[in-house]
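Welcome! Have the viewer ready and work through a few short exercises, trying each one before you read its solution.

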Amino acid sequence: MGGTHTDHEPIQELPEISEFEILELAVRELCIENGLFSAEDHRRFSEWAETRGPAGGAKLVAKAWTDPEFKQRLLADGTAACREVGLDWLQPTGVGTPSDYTFFYVLENTPKVHNVIVCTLCSCYPRPVLGMSPDWYRTPNYRRRMVRWPRQVLAEFGLHLPPDVEVRVHDSNQKSRFMVMPMRPEGTEGWTEEQLAAIVTRDTMIGVALPQADWTAAEPPTSAVDGGTK
């Protein structure tokens, strides 16, 4: 194979249960057996987690784009800024899991710096603001390669950055979570926060995509291939 960084499979969804899911199941059963929490507690947490999505993070970004003072507060203390938009980072479930959500950092993209997040150890992810992580985020393929060849991995997502843009990869861990604040795209002057939030998708806040004025997660942009229809 030659040992080059091109010998790999493209980023893709997990085809079957992973070793981490097996480990989670084993640890969960041990915790229930030893009385750390009940099966009902786990069900309630899972139910809460599955209702989360990227809307909270999109709201933070849209407000930061339109309110410079809020933007500075968000960059200085993400946990406190979350409360301003109704997101309690330290008590996201209402039952308390603060050790999992201790530090929250928002990373600002600029014309010369592009940020992207990863968790090389497992799958640490800012769930209170982005919801559950996508399958590909948890694959060893993404986790191992993003920190070594970020430009190549970003290209597999269709994101090709100019050579003069520095790519900074931020490795999440048990005590720290990161979210990317993408740059506001041109063509959005005069938009409301609600309009702006609609174009701030999950992948733009992970850092593998850029927001576009004609793209939302709910409605794709006009395609030149299909003659301009959506």
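The exercises below look at a predicted model.

**Exercise 1. Find which residues touch the most other members of the largest nonpolar core.**

Step one: take the largest nonpolar core, which has 44 residues. Step two: look for the members that touch the most others, and you arrive at Leu60, Val129, Tyr142, Met179 and Ile206. Step three: see which helix gives the most to this core; helix H3 (residues 55–66) does, with 6 residues.

**Exercise 2. List what isoleucine 206 is in contact with, leaving aside its neighbours within four places in sequence.**

Begin with Asn115, Val116 and Ile117, which are among the contacts of isoleucine 206. Next, add Tyr125, Leu130, Pro134, Trp136 and Tyr137 to the contacts of isoleucine 206. Finish with Tyr142 and Val180, also in contact with isoleucine 206.

**Exercise 3. Decide whether cysteine 119 is in a disulfide or in none.**

To start, a search of the whole structure finds 0 disulfides. Now check the distance: the nearest cysteine sulfur to that of cysteine 119 belongs to cysteine 124 and is 3.8 Å away. A disulfide needs sulfur atoms within 2.5 Å, so a pair 3.8 Å apart does not count.

**Exercise 4. Is cysteine 119 buried or exposed?**

Cysteine 119 has 1% relative accessibility. Buried means under 20%, so cysteine 119 counts as buried.

**Exercise 5. Describe the second largest pocket.**

First, its space: the second largest pocket holds about 240 Å³. Then, its lining: there are 13 residues, with Thr201, Asp203, Val208, Ala209 and Trp215 nearest the centre. Last, sort this lining by class: 8 residues are nonpolar, 3 polar and 2 charged.

Notes:
Residues are numbered from 1 along each chain as its sequence is written. This is a predicted model: local features need pLDDT of at least 70, side-chain atom pairs count only at pLDDT 80 or more; totals for chains, interfaces and linings use all residues. Side-chain values use heavy atoms; hydrogens and water are left out. A nonpolar core is a set of buried Ala, Val, Leu, Ile, Met, Phe, Trp, Tyr and Cys residues joined through side-chain atoms within 4.5 Å. Buried means under 20% relative accessible area, exposed over 50%, partly exposed in between (1.4 Å probe, protein chains only). Helices (H or I, at least four residues) and strands (E, at least two) are DSSP runs, numbered from the N terminus. Contact means heavy atoms within 4.5 Å. On a 1 Å grid over the protein atoms alone, a cavity is a set of points where a 1.4 Å probe fits but cannot get out, and a pocket is an open set with protein on both sides within 12 Å along at least five of seven lines; lining residues have an atom within 4 Å of a point. Grid points are joined across faces, edges and corners, and a volume is the space filled by probe spheres set on the points. Ala, Val, Leu, Ile, Met, Phe, Trp, Tyr, Cys and Pro count as nonpolar, Asp, Glu, Lys and Arg as charged, and the others, Gly among them, as polar.
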